[in-house]
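Open the model in your viewer and keep the selection panel at hand. We will go from stop to stop, picking a few residues each time.

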Amino acid sequence: MKILLSCLQSLHKHNIPAHDFWRSYFVEGCREAGITPLEVPDVDWAEGAALSGDGQGLASWRARTWEKTVAFARKQHAQGGIDFFLGYLYPCQVEQAAVRELQGIGIPCVNFFCDNVREFRKVPTAYIPFDLHWVPEYEALPMYRSAGLPHMHAAMPCWIPRQLRILPKQENEPPTFIGSADPLRKSLLGTVLAADVRLTVRGPGWGDSSSQTSCGCGRTEKSGSLLSNQLALLNRHGPGALVAKAVDAVFPLPSPVIPPEQVKPAVFGKEYFRVSREAQVTVGVNRVPATRRSLRWPLSYSRLRDIEAPMLGACYLTEWTQGLDKLYDLGVEVETYRSADELVEKLRMLSSCPKLRFELRRLGQRRALQDHNVCSSIRKIITTLQGRLS
């Protein structure tokens, strides 16, 4: 089996959020499943995300990128066949005519996107031509159902090296949260730390009060006149965004001080894996800042960490959100919390019970590796496509 992959591969470093891991997860996951992943030579898919605010530059990028992609696909399909195209594409990256051209060659087209509920109020028009949509957020399923588009629900794609698929022999780190700071995380974890519970935070931004607001294609909002910013906000996110902004201005979210001694250096690569595995408890936070939602009623959905941490053999304690019970037996394979008080309670409980921590590691890892791997999702894609296109 051969799959043509577009998963934010890049030829250069771009000023967009981290994305390199997606290629590793898709490509290595396919290879382990016995699937040949095909990548278009000399194409920088991440560049399209970086150009989201540049109309002329983006149009030029789409033209040359999709021309190369269709030409490559045509040649490869003639030589031995491509089973389907699988993309991780923002709306700004999609060239609908090229997608239809791939379909005309005989290559079904599938798109994965992991931030539907954060980025969209409704499914973007650019996504309409795809034969199938891989939707990892349980909360986004009604959006695709309402649009009448073919879709399937499967876990976030994640792959880890074989040497990390054994349980860690020691717990060398305290209970830990790994991730960049944002207002919601600062408020939640600051409240937890004020309760004098043992917890370390690692990541950028915990030592300062700066923050950025995410917008389409992974870029940050540009400054401009107050009126133009308000109109852009209204046009992109609807009247609810203006209401949310007003609520946050009048009733700002409490931001407890994060004790400096609880902040440790950010970790990446091998050290990120080591700390995730060896932390006594690895904490997940699923609430995210969203322009159209007040920080007091945040958006929350299951994130990649909910797959990655259990795969690594972490004792995982994550924020409850819809659909998480479809992935795990909660309280048996992973633990969850719904509030700062419950997070404090669960941290204390897990810190005092080594046997329970071991069982969460063992059972959570087994479930994630068996049921939530890339191969399982690819099989589901194949079955769904066969049912639709037969």
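Start with helix α3, residues 55-79. This is a predicted model. Helix α3 lies across β1, β2 and β3. Its direction makes an angle of about 175° with β1.

**The sheet**

Now show the strands under that helix. They belong to an open sheet of six strands. Reading across, the order is β2-β1-β3-β4-β5-β6, and the pairing is parallel. Which strands stand at the edges? They are β2 and β6 (151-153). Each has a single partner strand, so one side of each is left without a neighbour in the sheet. From one strand to the next, the twist averages 25°.

Add helix α1, residues 20-32. Helix α1 lies across β1, β2, β3, β4 and β5. Against β1 it runs at about 175°.

**Strand β4 and its partners**

Select residues 109-112, which form β4. C109 and N111 point one way from the strand. V110 and F112 point the other way. All four of these residues are buried.

Next, add β3, residues 84-88. Four bridges pair β3 with β4 in the parallel sense. Look for F85, which stands opposite C109.

Then add β5, residues 132-135. Strands β4 and β5 run parallel and are joined by three bridges. Here F112 of β4 stands opposite W134 of β5.

Bring in helix α4, residues 96-105. Together, β3, α4 and β4 make a right-handed β-α-β unit.

**Two helices side by side**

Keep α4 on screen and show α3 again. How do the two pack? Their axes are 10 Å apart, and the angle is about 5°. Helices α3 and α4 are therefore roughly parallel to each other, as angles under 35 degrees count as roughly parallel.

Turn on side chains where the two helices meet. From α3, pick W66, V70, A73, R74 and H77. They meet A98, V99, E101, L102 and I105 in α4.

**The cores**

Return to F85 and show what surrounds it. Leaving out residues up to four places away in sequence, F85 touches L4, S6, W66, L102, I107, P108, C109, V110 and F130. W66 belongs to α3 and L102 to α4, both from the helix pair you just saw.

Now widen the view to the largest nonpolar core, which has 90 residues. Which residues have the most contacts inside it? They are W22, F26, F85, L86, Y88 and I381. Helix α3 gives the most to this core, with six residues. Another core, of 23 residues, lies apart from it. Select F177, L188, V197 and I258, which are among its members.

**Two loop residues**

Finish with a pair of backbone details. Go to L8, in the loop between β1 (2-6) and α1. L8 has a positive phi of about 60° although it is not a glycine. Then jump to D42, in the loop between β2 (36-38) and α2 (45-50). D42 is not a glycine either, yet has a positive phi of about 60°.

Are these residues buried or exposed? L8 is buried, with a relative accessible area of 5%. D42 is exposed, at a relative accessible area of 60%.

How values were computed: Residues numbered from 1 in each chain as written. Predicted model: local features only at pLDDT ≥ 70, side-chain atom pairs only at ≥ 80, totals over all residues. Heavy atoms only, no water. Buried < 20%, exposed > 50% of the residue type's maximum accessible area, 1.4 Å probe, protein only. Pairing = 2+ DSSP bridges. Right-handed = clockwise from strand over helix to strand, strands pointing away. Core = buried A, V, L, I, M, F, W, Y, C linked by side-chain atoms within 4.5 Å. Contact = heavy atoms within 4.5 Å. Axes fitted to C-alpha atoms, helices over the stretch in contact; angles between N-to-C directions. Parallel < 35°, antiparallel > 145°, perpendicular 65-115°, else oblique.
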